[in-house]
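Visitor: Hi, I'd like to chat through a model with you. Could you show me the structure, please?
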Amino acid sequence: QVALLEAKTKTEREVWLEADRLKEQKFNKKLADVRASHTRASGQMKQSLTSSYKQQISNLRDTIQSQHKQHGYELHQLRLQLEEARDSRDQLNVEVEQFKHQ
């Protein structure tokens, strides 16, 4: 009867140990799943932010280039107007000189 009680106690202990082992295994699997999910989410967020920053930089570059072209065009127009004003001034000077000699 003592041997039977010892065997029963040993079997119960083995059952509890197996249950503890299974709980620990289940916990470790959940922990690994959570870590993997976190790593994926972190990578996706980093990729998304990187993509967003690259797009913003590209948009700013396009804006700067467009403004640079516009300013270059405006500067060219101002140079043409200055050249026309100088030509007009020179023409007026010629006419004034001609008028003086009449």
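Guide: Happy to. Helices (H or I, at least four residues) and strands (E, at least two) are DSSP runs, numbered from the N terminus. With that in hand, Leu49 has its place in helix α1. This is a predicted model, where local features need pLDDT of at least 70, side-chain atom pairs count only at pLDDT 80 or more, and totals for chains, interfaces and linings use all residues. Residues are numbered from 1 along each chain as its sequence is written, and side-chain values use heavy atoms, with hydrogens and water left out.

Visitor: Is Leu49 buried or exposed?
Guide: In between: Leu49 counts as partly exposed, at 41% relative accessibility. Buried means under 20% relative accessible area, exposed over 50%, and partly exposed in between (1.4 Å probe, protein chains only).

Visitor: Which residues make a nonpolar surface patch with Leu49?
Guide: Met45, Tyr53 and Ile57 join Leu49 in a patch of about 430 Å². Patches take residues with over 30% relative accessible area and no salt bridge; like charges are joined within 9 Å, nonpolar side chains (Val, Leu, Ile, Met, Phe, Trp, Tyr) within 5 Å. The areas come from the Shrake-Rupley method with a 1.4 Å probe, and for residues only the protein chains shown count as cover.

Visitor: New topic. How many salt bridges does the structure hold?
Guide: There are 4. A salt bridge here is a side-chain nitrogen of Lys or Arg within 4 Å of a carboxyl oxygen of Asp or Glu. Side chains of opposite charge can pair when their charged atoms come close.

Visitor: What does Glu18 form a salt bridge with?
Guide: Its partner is Arg21, with the closest N and O atoms 2.7 Å apart. The two are 3 residues apart in helix α1 (residues 2-100), so about one helical turn separates them. Glu18 is partly exposed at 34%, and Arg21 is partly exposed at 42%.

Visitor: And what about Glu97, which residue does its side chain meet?
Guide: That would be Lys100, at 3.7 Å from N to O. Glu97 and Lys100 also sit 3 residues apart in helix α1, about one helical turn. Glu97 is partly exposed at 39%, while Lys100 is exposed at 58%.

Visitor: Which residue pairs with Asp90?
Guide: Arg89 does, in a salt bridge of 3.2 Å, N to O. Asp90 has a relative accessible area of 37% and Arg89 is at 46%.

Visitor: Last one: what separates the C-alpha atoms of Asn28 and Glu95?
Guide: A distance of 99 Å, with their positions 67 residues apart along the chain. Asn28 lies in helix α1 and is partly exposed at 37%.
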